[in-house]
Amino acid sequence: MKFTLSWLRAHLDTDADLPAILETLNRIGHEVEGVENPGAALAAFTVARVLTAERHPQADKLQVLSVDTGAGEPLQVVCGAPNARAGLVGVLGLPGATVPSNGMVLKVSAIRGVESNGMMCSSRELELGDDHDGIIELPGDAPVGMSYPDYAGLDDPVIDVSITPNRQDCMGVRGIARDLAAAGLGTLRPLDIDPVAGDGAGPDVRIEDEAGCPAFYAQSVSGVTNGESPDWMQRRLKAIGQKPISALVDITNYLMIDLGRPLHVYDRARLDGGLVARRARAGEQVLALNGKSYALDPTMTVIADDGAVHDIGGIMGGEHSGCSDTTTEVLIECAYFDPDHIARTGQKLMLTSDARSRFERGVDPEFLDDGLAIATRMVLDLCGGSASGVTRAGRIPQVGITTGYDPMLAETLGGMAIPAARQKDILESLGFTVEPLDGNGDPCDLDAAYDGFRVTAPSWRRDIDGAADLVEEVIRIEGIDKVPSTPLPRSPGVATPTATPAQKLERRLRRTAAARGLHEAVTWSFIAQDEADAVGGGAWTLANPISEELKVMRPSLLPGLLMAAERNLKRGATSIRLFELGRRYLAEGERPTLTVLLTGDARPRGWATGKAQAFTAYDAKAEALALLEAAGAPVANLQVMGEAGAAWHPGQSATLRLGPKNVLAVFGMLHPALLRTFDVAGPVAAIEIFLDAIPAKRETAGFMRPAFAPPALQAVTRDFAFIVPAELAAGDLVRAVKGADKAAIADARLFDLFTGAGVEEGRKSLAIEVTLQPGEKSFTDADIKVIADKVVAAAGKLGATLRG
């Protein structure tokens with residue numbers, strides 16, 4: 001929220017300078033996001049009087065002016081403004097000044113052969129308005145030689161403060177001033193409220209939707225003249241980025257920023273009957289003040305007359321009933337709208353406004369009468385007219401809890417010992433009512449024996465929910481920087497490990513992946529709809545996403561890694577090895593997953609290999625097996641099976657399973673169609689490891705592993721060459737051979753694949769090296785023959801025969 005320093009001082013009586021105010025704002029929880037001084041850009045512009053105006057000898061539309069700057073001899077200035085004349089008091093930019101509108105630095109120069117020592121400026125050139133028909137005309141008594149920012153009151157810093165969502169009371173300048181006063185930076189000035197009794201009955205307003213609009217107050221003013229708002233109001237609104245429109249509109253905008261109270265003014269001549277706060281009807285539409293039409297539904301609260309909807313309640317008014325230069329009769333609305341209804345309506349319509357940001361946080365419901373009185377008085381003062389009586393429809397909801405509070409909580413919960421009297425002063429300065437209580441719960445004097453406080457929160461603090469919130473207020477104002485640093489007590493001995501098995505697994509996998517040359521990436525958990533559809537579609541879609549690119553909770557980590565790879569490839573990266581450990585969001589819940597993506601050059605070009613070699617499915621398989629082994633998966637028992645999914649390249653991808661149903665990982669090349677979706681050129685290998693599918697290790701007593709006992713006897717190797725069907729997976733054959741005699745066979749591995757001469761069509765030759773480990777005695781030839789027969793028999797069950 002933005003406000004000027006002078007605006008703040010209108011509510012806060014203080015001698016503090018700007019740095020002290022900024023420091024205090026940050027200290028009490030209102031982060032200062034920036035400070036700008038619009039007058040600083042105009043420091044080189046001064047008030048000057050035109051003494052003479054003569055026609056330029058070389059140009060009909062130019063004049064040569066003699067300008068009094070209040071210092072020394074008059075300056076000669078060439079000017080083309082049609083209103084330049086002798087006696088005019090305006091704004092002169094001296095040589096060296098920078099014109100805000102175009103960044104031009106003024107200097108002494110010749111214009112059509114006549115020397116000019118500066119420039120008489122228009123409002124547009126100084127970015128003070130849109131008027132460019134002539135130069136600025138100041139009152140004749142304006143002090144010549146005075147700095148223009150000082151004369152115009154532009155030397156007024158604009159402070160931009162970030163207000164947290166729970167502090168709606170600080171969405172107005174007065175709320176900020178109240179907090180600063182509580183922090184000891186001055187005193188809060190009393191609010192000038194002069195109720196207007198009015199004549200006759202109040203306007204016809206009523207409520208049909210009490211849930212959405214519990215209270216609706218209104219007052220009419222007849223005979224108004226809707227001209228421009230006064231200069232002081234326009235200066236403040238312009239300083240914070242608000243465009244002045246007319247006195248009636250500016251009054252509502254000003255009070256919203258000044259007091260945090262949104263209001264709305266209707267042109268009564270454009271209304272058809274009385275106003276009612278009701279639910280919208282199916283099919284109704286409204287043309288809002290932003291020029292857009294919105295389709296309404298029965299969940300939304302609107303303000304309507306007998307003929308049409310005129311206001312999306314608490315969010316934005318309608319264009320049809322807005323005030324114009326011809327408005328003479330107005331109805332001033334001061335209503336309370338339910339925050340939850342406002343939030344839901346704004347989300348559905350995707351419509352934001354200053355009013356919505358305040359109503360959905362919860363404005364002060366007990367400020368209805370005062371807010372309406374201030375607005376009506378300001379309309380009468382600035383626009384004239386006569387007021388009617390006040391109509392009060394509905395009931396003000398009860399807010400502001402009453403709770404017990406023990407001052408010792410400031411120390412036990414907030415970590416700072418603060419005297420009870422000081423805490424009472426802080427809370428009362430923030431608007432709370434504080435009553436000391438004795439042991440019987442009766443009010444007593446603070447000097448007497450008391451047993452805590454009874455604290456009632458003000459109506460503008462709907463965020464207060466209990467004693468913990470009161471501690472926060474006390475510590476915040478006293479100074480969170482004063483909370484002493486106190487070490488937490490530590491139990492003697494060695495700390496008990498706190499990491500869960502899942503956390504330990506993730507740490508181990510991250511270290512392993514990094515050790516294997518992979519780079520960790522962290523991508524968004526939300527992706528676009530088309531990106532989710534490319535990997536099978538997402539089960540969870542946000543109803544109110546911050547953007548369409550972050551709408552669907554990711555069903556796979558592949559889209560994020562593909563987008564990261566695409567960015568890196570376009571920036572010249574030649575070898576990309578990324579991994580991410582995160583969550584996939586499926587219909588049945590979250591699934592922890594480790595995803596690896598490999599693209600570009602697996603091995604660079606060189607004298608031994610020639611051209612650079614791209615990643616293949618075998619590279620992905622090697623990484624998958626290494627990571628699974630680090631995760632504790634029984635890699636030797638895994639089966640390679642198909643059915644990798646639509647996102648994967650058929651014939652160049654597979655799954656790693658522990659049994660036919662438990663899929664531990666998917667690996668291989670990604671489908672070309674998926675790569676086109678993400679604009680990734682070249683083949684891409686990838687891995688998805690499903691961490692929750694990896695069987696957990698069995699718990700063992702103690703922390704020590706059994707001692708390693710190397711075999712006493714030397715191992716023996718034997719080679720077997722089998723003719724097998726071409727479609728048989730080598731891994732299945734290796735697994736069958738290893739299981740032929742588990743007591744004697746220590747390992748088996750494939751070392752040759754052959755097709756061609758000597759091997760019939762539709763078959764292939766697989767050569768396997770089998771390692772035999774004797775136990776208590778060495779193998780005899782007979783023992784080895786028995787084992788070999790078992791190997792051949794096990795292979796035969798898969799259709800394999802020994803190659804002769």
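Two rings of Phe, Tyr or Trp, the last taken by its six-membered ring, count as an aromatic pair if their centres lie within 6.5 Å. By that rule the structure, which is a predicted model, holds five aromatic pairs, and several of them serve as stops on this tour.

**First stop: F337 and F359**

Select F337 and F359 together and turn the view until both rings can be seen. Their centres are 5.2 Å apart and their planes meet at 85°, so the pair is edge-to-face, since angles over 60 degrees fall in that class. The pair links distant parts of the chain, for F337 sits in the loop between β22 (329–336) and α7 (339–349), whereas F359 belongs to helix α8 (residues 354–359), with the two positions 22 residues apart in sequence. Are these two rings buried or exposed? F337 has a relative accessible area of 1% and is therefore buried, the limit being under 20%. F359, at 3% relative accessibility, counts as buried because it falls under that limit too.

**Second stop: Y405 and F453**

Move on to Y405 and F453, which form an aromatic pair of the tilted kind, with 6.4 Å from centre to centre and 35° between the planes. This pair also links distant parts of the chain: Y405 is in strand β24 (residues 402–405) and F453 is in strand β26 (residues 453–456), the two being 48 residues apart. Both Y405 and F453 are buried.

**Third stop: a cluster of rings**

Now select W7, W232 and Y254, which ring pairs link into a cluster.

**Fourth stop: G200**

Select G200 next, which is found in the loop between β12 (187–188) and β13 (205–207). Its relative accessibility is 62%, so G200 counts as exposed, the cut-off being over 50%. Which residues does G200 touch, once its neighbours within four places in sequence are left aside? They are S388 and G389, both of which are in contact with G200. If S222 is added to the selection, the C-alpha atoms of G200 and S222 can be seen to lie 12 Å apart in space, while the two residues are 22 residues apart in sequence.

**Fifth stop: two positive phi angles**

Select R112, which is not a glycine and yet has a positive phi of about 55°. R112 is placed in the loop between β8 (109–111) and β9 (114–116), and with 55% relative accessibility it counts as exposed. Then go to D679, another residue other than glycine with a positive phi, here near 60°. D679 lies in the loop between α17 (672–677) and β36 (684–690), and its relative accessibility of 48% makes it partly exposed.

**Last stop: the whole chain**

Finally, clear the selection and show the whole chain, which has 19 helices and 40 strands. Its C-alpha trace spans about 125 × 95 × 60 Å along the principal axes, and its radius of gyration is 40 Å, where a compact globule of 804 residues would have one near 28 Å. Buried residues make up 46% of the 804 residues. Among contacts between residues at least 6 apart in sequence, 68% join residues that are at least 24 apart. If a surface is drawn, its accessible area comes to about 40200 Å², with 51% of it belonging to carbon and sulfur atoms. Colouring by charge picks out 79 positive and 106 negative side chains, and the centres of these two sets lie 11 Å apart.

Note on methods:
Residues numbered from 1 in each chain as written. Predicted model: local features only at pLDDT ≥ 70, side-chain atom pairs only at ≥ 80, totals over all residues. Heavy atoms only, no water. Helix = DSSP H or I, 4+ residues; strand = E, 2+ residues; numbered from the N terminus. Buried < 20%, exposed > 50% of the residue type's maximum accessible area, 1.4 Å probe, protein only. Contact = heavy atoms within 4.5 Å. Rg over C-alpha atoms; globule rule 2.2 N^0.38 Å. Areas by Shrake-Rupley, 256 points an atom, 1.4 Å probe, with all protein chains shown as cover. Lys, Arg positive; Asp, Glu negative; His and termini not counted. Charge placed at Lys NZ, Arg CZ, Asp CG, Glu CD. Phe/Tyr/Trp six-rings, centres within 6.5 Å; stacked < 30°, edge-to-face > 60°.
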